[in-house]
Amino acid sequence: MCRHLAYLGPARTLHDLLIAPEHGLYRQSWAPRRQRHGTVNADGFGVGWYAPGDPVPARYRRDRPIWGDPNLLDLARVVRSGAVLAAVRSGTEGMGFAEAAAAPFASDTWLFSHNGAVPGWPGSLHRLAAALPPEYLVGLEAPTDSALLWAYARFRLASGVPLPVALAETAAAVDVQGARLNLLATDGTTIAATVRGDTLSWRRASPAGVLVASEPTDDEPGWHHVPDNSLLVATSDAVTIEELAVEVA
Ligand code: GLN
């Protein structure tokens, strides 16, 4: 299982958001505290962020452990953003190791990450894949369950549904026993996240904004644990949590 994180609020450096916190995403790559599956997240990482006046995010991804990339430290010192989504990857067996398999996946104004695994992949996702127009399958970024789930979410977004609905529908379209589906996405102004099978927490950021993360990035008070089978929707000043439907609507 990977770990992921999203932030909306006043512009902060990537260093401040990812590296400086005592148990931040950087440290979670080798010492996660709440991870339920896997031990280290060393199979790549990625950061996506939005710059003022441009709705399309930038991405920096690598196929190596986050601690083994000195370039990130340099970038993180100077890049600041008010909307960030980042992930460290522990690749699921059989799903390959490549930069293209590291979240965040991106399309248009969106960033997406999946923390989890679908047992029996790829055969078990046959029904979901069959619902997709061929261009979504041909354009798959990586041979992973996460890339296929993102293709399905993009397909739903293209039909005009809001981001949280697209994630909920994607989770509901996976009719596979034991599937772990912690999905996380943003368009730079809203964060949507599903919780099914692994941990998720959120807190108000200081001095303002919101942080949504697989696990708390420090031991300060103010973190809220999100229950399993939830859909979280956050803007920089409001968070709602509702039950995640199991069936496709
Ligand atoms: N199954 C996905 C992959 O292999 C996500 C892995 C994870 O959450 N550890 O990339």
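Reader: Where is proline 207 found?
Author: Strands here are DSSP runs of E with at least two residues, helices are runs of H or I with at least four, and both are numbered from the N terminus. The model is predicted, so local features need pLDDT of at least 70 and side-chain atom pairs pLDDT 80 or more, while totals for chains, interfaces and linings use all residues. Residues are numbered from 1 along each chain as its sequence is written, and side-chain values use heavy atoms, with hydrogens and water left out. Proline 207 follows a cis peptide bond from serine 206, with omega near 5°, and its place is the loop between S9 and S10.

Reader: Which residue in the turn between S9 and S10 has a positive phi?
Author: Two strands pair if DSSP finds at least two bridges between them. S9 (residues 201–204) and S10 (residues 210–213) run antiparallel and are joined by 4 bridges, with serine 201 partnered by alanine 213. The two strands form a hairpin with 5 residues between them, and the turn residue with a positive phi, about 105°, is glycine 209.

Reader: Which residue in S11 stands opposite tryptophan 202?
Author: S9 is also joined to strand S11 (residues 224–225), by 2 bridges, and these strands run antiparallel. Across from tryptophan 202 in S11 stands histidine 224.

Reader: What is the omega of the peptide bond from tryptophan 121 to proline 122?
Author: Look for proline 122 in the loop between S6 and H4. The bond that leads into proline 122 from tryptophan 121 is cis, and its omega is near 5°.

Reader: Is asparagine 229 buried, partly exposed or exposed?
Author: You will find asparagine 229 in the loop between S11 and strand S12 (230–235), and its phi is positive, about 60°, although it is not a glycine. Buried means under 20% relative accessible area, exposed over 50%, and partly exposed in between, using a 1.4 Å probe and protein chains only. The relative accessible area of asparagine 229 is 29%, so the residue is partly exposed.

Reader: What is the phi of aspartate 108?
Author: Aspartate 108 sits in the loop between S5 and S6. Although aspartate 108 is not a glycine, its phi is positive, at about 55°.

Reader: How many residues of H6 are buried?
Author: H6 has 14 residues and reaches 20 Å from its first C-alpha to its last, close to the expected 20 Å, a span found as 1.5 Å times one less than the number of residues. Its buried residues include Trp150, Tyr152 and Arg156, and what covers them includes strand S6 (110–117) and helix H7 (163–172). H6 is largely enclosed by the rest of the structure, because the buried residues number 11 of the 14.

Reader: How are the rings of phenylalanine 105 and phenylalanine 112 arranged?
Author: Rings of Phe, Tyr and Trp (its six-membered ring) pair if their centres lie within 6.5 Å; planes under 30 degrees apart count as stacked, over 60 as edge-to-face and the rest as tilted. By this rule there are 7 aromatic pairs. For phenylalanine 105 and phenylalanine 112, the centres are 6.5 Å apart and the planes at 50°, so the pair is tilted.

Reader: And how are the rings of tyrosine 152 and phenylalanine 155 arranged?
Author: Tyrosine 152 and phenylalanine 155 are separated by about one helical turn, because they are 3 residues apart in helix H6 (residues 145–158). Tyrosine 152 is buried at 10% relative accessible area, whereas phenylalanine 155 is partly exposed at 21%. Their ring centres lie 6.0 Å apart and their planes stand at 65°, so the pair is edge-to-face.

Reader: Which residue lies over the face of phenylalanine 155?
Author: A charge sits over a ring if NZ of Lys or CZ of Arg is within 6 Å of the ring centre and within 35 degrees of the ring normal. At 5.8 Å from the ring centre of phenylalanine 155 lies arginine 156.

Reader: Which residue's backbone oxygen does the side chain of glutamine 28 reach?
Author: Glutamine 28 is in helix H2 (residues 25–28) and is buried, with a relative accessible area of 2%. A polar contact is a pair of N or O atoms within 3.5 Å; within protein, one must be able to donate a hydrogen and the other to accept it, and residues adjacent in sequence count only if both atoms are side-chain atoms. At 2.9 Å, the side chain of glutamine 28 reaches the backbone oxygen of histidine 23.

Methods: Contact means heavy atoms within 4.5 Å.
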